[in-house]
Amino acid sequence: MTLTYIIVACLAGSAISAFLAALVAWRIQPRLIPLFVSYAVGALLGVVFLDLLPHIFEQTTRYHAAAGWLLTGILAFFILEKLVLWRHNHDHAGAAEAAIAHSHDHQHADHHGANETGRTSSAWMIIIGDGFHNFTDGFAITAAFMADVRIGVVTSIAIIAHELPQELGDFLVLIHSGFSRRRALFWNVMSSFATLLGALLAYVMLVSLAEYAIMFLCFAASSMIYVAIADLIPGLHKRSTLIDTVQQISLIGAGVGSIWAVRLLV
């Protein structure tokens, strides 16, 4: 049953995040994207500090080792970012606004020459980078479900929450790069399914290396901490008016609160 839960969570999460991103991209203004980002920050941190970390320290007496794995995970994601294995240029609001601002002009422009080549290359880098990002999300989902089904459910919800603004920004940037809406949606969906590949690989590894389950869970927690703190929050600081700040705090609180509510219901 655990494997079934993992597969369903990955497939549903991938489809939901990709199709909602495409739907929202046609319906809302890019300036509203930071609202989704704020909620995602709260959801990610809520899962880590309300579920993953308490479970980790309940299941092991090797507290220093667990803390060390958490630190190692954060540093590892930093190194991956530096090596451009994980595309973390996630200023979703800025990317989306730029895409919307120029999309009309470029939809009817001549797409030949150096500009087209550069935009197309950037688009494929986005797709590859997101595929790797989603692959690591699959590891987090499997580690969470292998620990506890409830933790797996709230982890999946948090991952969907942070995937939505990412997929939304990327969808708009792909259109700006010359992709049609259908083509952008297709490749967004394809990169999203890397989540399932990562999840299945993690499942095989955990079945064979069950004694390292806590280590995998620590890496899952560190990935969420890194995404929230290093990836999403800096973009929110670029909007520092009182209204923006109140909205951000409220939505971060809503993200944490929704995870707390799901914990009570599941």
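**Exercise 1. Sort the residues lining the largest pocket into nonpolar, polar and charged.**

Solution. Step 1: the lining of the largest pocket divides into 11 nonpolar residues, three polar and no charged. The classes are fixed by residue type: Ala, Val, Leu, Ile, Met, Phe, Trp, Tyr, Cys and Pro are nonpolar, Asp, Glu, Lys and Arg are charged, and the others, Gly among them, are polar.

The model is predicted, with local features needing pLDDT of at least 70 and side-chain atom pairs counting only at pLDDT 80 or more, while totals for chains, interfaces and linings use all residues. Residues are numbered from 1 along each chain as its sequence is written, and side-chain values use heavy atoms, with hydrogens and water left out.

Step 2: 14 residues line this pocket, and Phe-77, Thr-136, Phe-139, Phe-219 and Ala-220 lie nearest its centre. A pocket is an open set of points on a 1 Å grid over the protein atoms alone, where a 1.4 Å probe fits, with protein on both sides within 12 Å along at least five of seven lines; lining residues have an atom within 4 Å of a point.

Step 3: helix 3 (63-82), helix 5 (114-147) and helix 9 (213-237) each give two or more residues to the lining of the largest pocket. Helix 9 supplies the largest share, five residues. Helices here are DSSP runs (H or I, at least four residues), numbered from the N terminus.

Step 4: the volume of the largest pocket is about 260 Å³, volume being the space filled by probe spheres set on the points, which are joined across faces, edges and corners.

**Exercise 2. Describe the lining of the second largest pocket.**

Solution. Step 1: the second largest pocket has a volume of about 200 Å³. Step 2: its lining consists of Thr-60, Arg-62, Ala-65, Ala-66, Trp-69, Glu-211, Tyr-212, Ile-214 and Met-215. Step 3: helix 3 and helix 9 are the elements that give two or more residues to this lining, and helix 3 gives the most, with three. Step 4: by class, the lining of the second largest pocket holds six nonpolar residues, one polar and two charged.

**Exercise 3. Locate the salt bridge and state whether each partner is buried or partly exposed.**

Solution. Step 1: the structure holds one salt bridge, that is, a side-chain nitrogen of Lys or Arg within 4 Å of a carboxyl oxygen of Asp or Glu. Step 2: the partners are Asp-51 and Arg-150, at 2.5 Å from N to O. Step 3: Asp-51 sits in helix 2 (residues 33-59) and Arg-150 in helix 6 (residues 149-176), so the pair links parts of the chain 99 residues apart. Step 4: Asp-51 is buried at 2% relative accessible area, whereas Arg-150 is partly exposed at 24%. Buried means under 20%, exposed over 50%, and partly exposed in between (1.4 Å probe, protein chains only).

Step 5: Val-47 also lies in helix 2 and is buried at 0% relative accessibility. The C-alpha atoms of Val-47 and Gly-152 are separated by 9.8 Å, with their positions 105 residues apart along the chain.

**Exercise 4. Summarise the secondary structure and burial of the protein chain.**

Solution. Step 1: the protein chain has 10 helices and zero strands. Step 2: buried residues make up 47% of its 266 residues.
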